[in-house]
Number of protein chains: 2
Amino acid sequence: MVSVLVIDDEEDIRDILSYNLKKEGFNAYAAENGEKGLELLKSVHPDLVLLDVMMPGMDGIEVCEAIRNLAGFERTLICFLTARSEDYSQIAGLDAGADDYVSKPIKPKVLISRIKAMLRRKGMAEPEGKSTDGRLVINRDKYLVERNGEVMHLPRKEFELLALLASRPGHVFERDIILEKVWGTDIVVGDRTIDVHVRKLREKIGEGMIKTIKGIGYKFVEQSA
Amino acid sequence: MVSVLVIDDEEDIRDILSYNLKKEGFNAYAAENGEKGLELLKSVHPDLVLLDVMMPGMDGIEVCEAIRNLAGFERTLICFLTARSEDYSQIAGLDAGADDYVSKPIKPKVLISRIKAMLRRKGMAEPEGKSTDGRLVINRDKYLVERNGEVMHLPRKEFELLALLASRPGHVFERDIILEKVWGTDIVVGDRTIDVHVRKLREKIGEGMIKTIKGIGYKFVEQSA
DNA sequence: ATTTTTTTTAATGAATTCTTAACAACATGT
DNA sequence: ACATGTTGTTAAGAATTCATTAAAAAAAAT
């Protein structure tokens with residue numbers, strides 16, 4: 001799982017970014033100043049640091065240089081967060097070792113796509129948690145599902161079933177296929193078993209997400225857009 | 001729905017491509033020369049243009065440049081159709097702004113997969129199902145049938161029956177064959193059963209799509225073109 | 001070993017889908 | 001036009017399929 005550390009003195013920014021990062025399936029950490037940021041950095045070893053340039057105490061550039069001088073953090077991605085065009089040229093010019101920068105006000109979608117682009121460039125995997133819909137993030141790694149910011153733990157079978165269905169929203173999975181993929185070919189379970197699991201899922205993730213196609217199987221409904 | 005514009009002076013090519021594109025669920029348009037092509041382009045705003053290189057009047061390269069210089073068509077995908085290796089190198093070299101090229105003789109399947117690859121690269125949605133006719137899209141994946149933009153869900157037997165008939169428009173399926181394919185060999189049902197299902201289908205997808213061939217069976221009527 | 005959680009089964013009822021049967025309408029060949 | 005066989009139509013009831021519940025069985029955790 002890809003981890004991201006946010007270092008910014010403004011609480012609002014930290015919260016917004018953390019929220020959006022988590023929604024996209026990243027692990028998010030936040031620190032309010034450079035010193036705390038470096039502490040956290042060493043303990044969580046994030047893949048990417050989002051670093052505010054203007055901060056009281058150590059400013060972003062100092063933090064950036066500090067990170068680059070730490071053994072084992074050479075490959076850590078650093079992305080500056082700059083106030084508007086707060087000396088855009090200067091930022092661009094200082095190859096203090098940052099990989100990218102995003103200027104405020106930050107649009108979460110833009111930031112996320114920039115982050116993904118950076119990860120791709122570095123050949124890192126994108127986050128495992130797939131967002132099927134704005135509201136549902138499935139984290140295979142931890143068998144967690146996040147819905148509207150609320151994380152929940154699902155038992156294995158329920159999780160596998162949901163993951164399967166959500167892997168292709170709109171696609172109708174036939175019961176045979178579901179049995180094969182979730183339960184395996186060798187094990188034999190009654191047909192009602194699927195229904196019961198579907199029911200529990202609906203109970204947990206909300207009605208209207210999984211639709212029954214009578215005579216065929218089930219599908220995860222597409223995003224209404 | 002993804003739209004594709006074919007610009008080629010050969011009528012056969014236009015027809016074959018249009019037919020195959022429609023069958024795959026694309027909206028297809030065709031023009032016989034560059035000038036008409038540009039006209040059509042402006043009115044239909046296709047997602048992709050298939051462009052013959054060698055044409056009387058404006059050649060493909062000129063058309064390509066013209067498209068690229070039109071405001072609002074920067075993102076329009078352009079794919080060249082080149083005669084064999086008609087200066088392959090030249091085509092490859094000219095970054096007149098094309099996104100891909102396919103050399104003749106064109107194999108529909110190859111072309112379709114190249115088109116889908118281009119759409120994927122651009123992050124555009126692929127067509128959802130297979131179209132039998134301009135008006136009917138059968139999506140086995142989602143067990144849905146789309147008619148004039150209106151999607152509908154059909155129960156299993158009806159869906160299978162329709163899918164069978166529509167798999168070969170114009171072909172007459174004998175009742176025996178229909179029974180075998182849709183109902184299976186082991187199960188035995190009365191003869192009226194087929195009629196009832198046909199009736200329900202006609203009710204849902206509209207009259208005139210399925211024609212009775214008395215004494216033999218049924219067929220899905222061909223596209224009137 | 002005991003408790004807790006997860007998974008499966010079984011039973012009932014509701015909803016949809018499928019089939020039948022009876023009769024009407026139609027086409028085709030004589 | 002008539003007879004004959006084939007198809008269209010309708011509505012009812014059979015059959016299938018699914019939802020739901022509770023409780024037993026199995027697996028994990030404590």
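**Reading two DNA strands and the protein around them**

Me: Which of the 16 residues around DNA strand D come nearest?

Reply: Asp195(A), Thr212(A), Asp195(B), Arg199(B) and Thr212(B) come nearest to strand D. Keep in mind that this is a predicted model.

Me: Which helices supply at least two residues each of the surface near DNA strand D?

Reply: Helix H8 of chain A (192–205) does, and so does helix H8 of chain B, with the numbers 192–205. By class, the residues of this surface are four nonpolar, four polar and eight charged.

Me: And what are the classes of residue near DNA strand C?

Reply: The surface near strand C has 10 charged, eight nonpolar and five polar residues. Of the 23 residues around strand C, the nearest are Pro155(A), Gly190(A), Pro155(B), Lys157(B) and Gly190(B). Helices H6 and H8 of chain A, and H6 and H8 of chain B, each give at least two residues to the surface near strand C.

Me: At what angle do H6(B) and H8(B) pack?

Reply: Two packed helices are described by the angle between their axes and by the distance between those axes. For helix H6 of chain B (residues 156–167) and H8(B), the angle is about 80 degrees and the axes are 10 Å apart. Angles of 65 to 115 degrees count as roughly perpendicular, so H6(B) and H8(B) are roughly perpendicular to each other. H6(B) makes the contact through Lys157(B), Glu158(B), Leu161(B) and Leu162(B), and H8(B) through His197(B), Lys200(B), Leu201(B) and Ile205(B). The residues of this contact are four nonpolar, one polar and three charged.

Me: How many residues of chain A are in contact with chain B?

Reply: Six residues of chain A are in contact with five residues of chain B. On the side of chain A that touches chain B, three residues are nonpolar, three are polar and none is charged.

Me: Why does Leu48(A) count as buried?

Reply: A residue is buried if 20 or more other C-beta atoms lie within 10 Å of its own. Leu48(A) has 23 C-beta neighbours inside 10 Å, so it counts as buried. Leu48(A) lies in strand S3 (residues 48–52) of chain A. Leaving out residues up to four places away in sequence, Leu48(A) touches Val4(A), Leu77(A), Cys79(A), Ile115(A) and Met118(A). The C-alpha atoms of Leu48(A) and Thr76(A) are separated by 5.6 Å, though the two are 28 residues apart along the chain.

Me: Which residues of H1(A) are buried?

Reply: Arg14(A), Leu17(A), Leu21(A) and Lys23(A) are. Helix H1 of chain A (residues 11–23) has 13 residues and reaches 18 Å from its first C-alpha to its last, close to the 18 Å expected at 1.5 Å a residue. Gly25(A) follows H1(A) and has a positive phi, near 95 degrees.

How values were computed
Residues numbered from 1 in each chain as written. Chains lettered and ligands numbered in written order. Predicted model: local features only at pLDDT ≥ 70, side-chain atom pairs only at ≥ 80, totals over all residues. Near = placed C-beta within 6 Å. Helix = DSSP H or I, 4+ residues; strand = E, 2+ residues; numbered from the N terminus. Nonpolar A, V, L, I, M, F, W, Y, C, P; charged D, E, K, R; others polar. Expected span 1.5 Å × (residues − 1). Buried ≥ 20, exposed ≤ 12 C-beta atoms within 10 Å, placed from the backbone. Contact = placed C-beta atoms within 7 Å. Axes fitted to C-alpha atoms, helices over the stretch in contact; angles between N-to-C directions. Parallel < 35°, antiparallel > 145°, perpendicular 65-115°, else oblique.
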